[in-house]
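Hi everyone, thanks for coming. I'd like to walk you through a structure that is new to most of you, so please have the picture in front of you.

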Amino acid sequence: FWGKGIMTEAARAFVSYLFDEKGMHDLQAGFFKDNPASGIVLAKCGFSQTGENKLFCLARNEEVDHIAVATNRHIWEEVRKNW
């Protein structure tokens with residue numbers, strides 16, 4: 001199912017829920033650097049990079065390069081207009 005936009009649609013729905021239903025104002029997320037597809041999904045939801053660090057990955061049992069991202073309600077409202 002990769003490349004069909006399913007995760008982008010799911011992520012947009014979840015971010016919409018957090019902003020519209022839960023009243024959130026700021027969101028933070030992240031992805032492992034060797035998984036750029038997750039970064040693309042987050043970027044389509046209005047997230048932008050805020051930093052890099054190493055984060056322990058339980059599945060790999062090691063520290064992995066991690067990209068931190070964030071967005072806010074105002075950015076989200078602008079991004080949502082262009083769907």
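I'll start with the sheet, move on to the helices and the core, and finish with the aromatic rings and a loop. One thing to keep in mind from the start is that this is a predicted model.

So, the sheet. Three strands make up an open sheet, and their order is β1-β3-β2, with antiparallel pairing. Which strands sit at the edges? Those are β1, residues 26–32, and β2, and each of them pairs on one side only. If you follow the sheet from one strand to the next, the twist averages 30 degrees.

Let's look at how β1 and β3 are joined. There are 7 bridges between these antiparallel strands. To find one residue pair by eye, take Leu27, whose bridge partner in β3 is Thr71.

Now add the helices. Helix α1 packs on the sheet, where it touches β1 and β3, and its direction makes about 160 degrees with that of β1. Helix α2, residues 36–44, lies across β1 and β3 and runs at about 160 degrees to β1.

That brings us to the core. The largest nonpolar core has 13 residues, and the ones touching the most other members are Val15, Leu27, Cys45, Phe47 and Val69. Four elements, α1, β1, α2 and β3, each supply at least two residues of this core. Which element gives the most? That is α1, with 4 residues.

Leu27 deserves another look here. Leaving out neighbours within four places in sequence, Leu27 is in contact with Val15, Leu18, Phe19, Phe47, Val69, Ala70 and Thr71.

Phe19 leads us nicely to the aromatic rings. How many aromatic pairs does a search of the whole structure find? The search gives 2. In one of them, the ring centres of Phe19 and Trp76 are 6.1 Å apart and the planes are at 35 degrees, so this pair is tilted. Because Phe19 is in helix α1, residues 6–21, and Trp76 is in helix α3, residues 73–81, the pair ties together parts that are 57 residues apart in sequence.

The other pair is Trp76 with Trp83. Here the centres are 5.4 Å apart and the planes are at 75 degrees, so the pair is edge-to-face. Put together, Phe19, Trp76 and Trp83 form one aromatic cluster.

And are these rings buried or exposed? Phe19 counts as buried, at 1% relative accessibility, and Trp76 is buried too, at 0%. Trp83 counts as partly exposed, with 47% relative accessibility.

There is one more ring to point out, with a charged neighbour. Arg60 lies over the face of Phe32, at 5.3 Å from the ring centre.

Last stop, the loop. Between β2, residues 48–57, and β3, residues 62–72, you'll find Asn61. What is the phi of Asn61? The angle is near 55 degrees, which is a positive value in a residue other than glycine. Asn61 is also exposed, with a relative accessible area of 60%.

If you take one picture away, make it this one: α1 packs on the sheet, touching β1 and β3, and α1 also gives the most to the largest nonpolar core. Thanks for listening!

Terms used
Residues numbered from 1 in each chain as written. Predicted model: local features only at pLDDT ≥ 70, side-chain atom pairs only at ≥ 80, totals over all residues. Heavy atoms only, no water. Phe/Tyr/Trp six-rings, centres within 6.5 Å; stacked < 30°, edge-to-face > 60°. Buried < 20%, exposed > 50% of the residue type's maximum accessible area, 1.4 Å probe, protein only. Lys NZ or Arg CZ within 6 Å of the ring centre and 35° of its normal. Pairing = 2+ DSSP bridges. Axes fitted to C-alpha atoms, helices over the stretch in contact; angles between N-to-C directions. Contact = heavy atoms within 4.5 Å. Core = buried A, V, L, I, M, F, W, Y, C linked by side-chain atoms within 4.5 Å.
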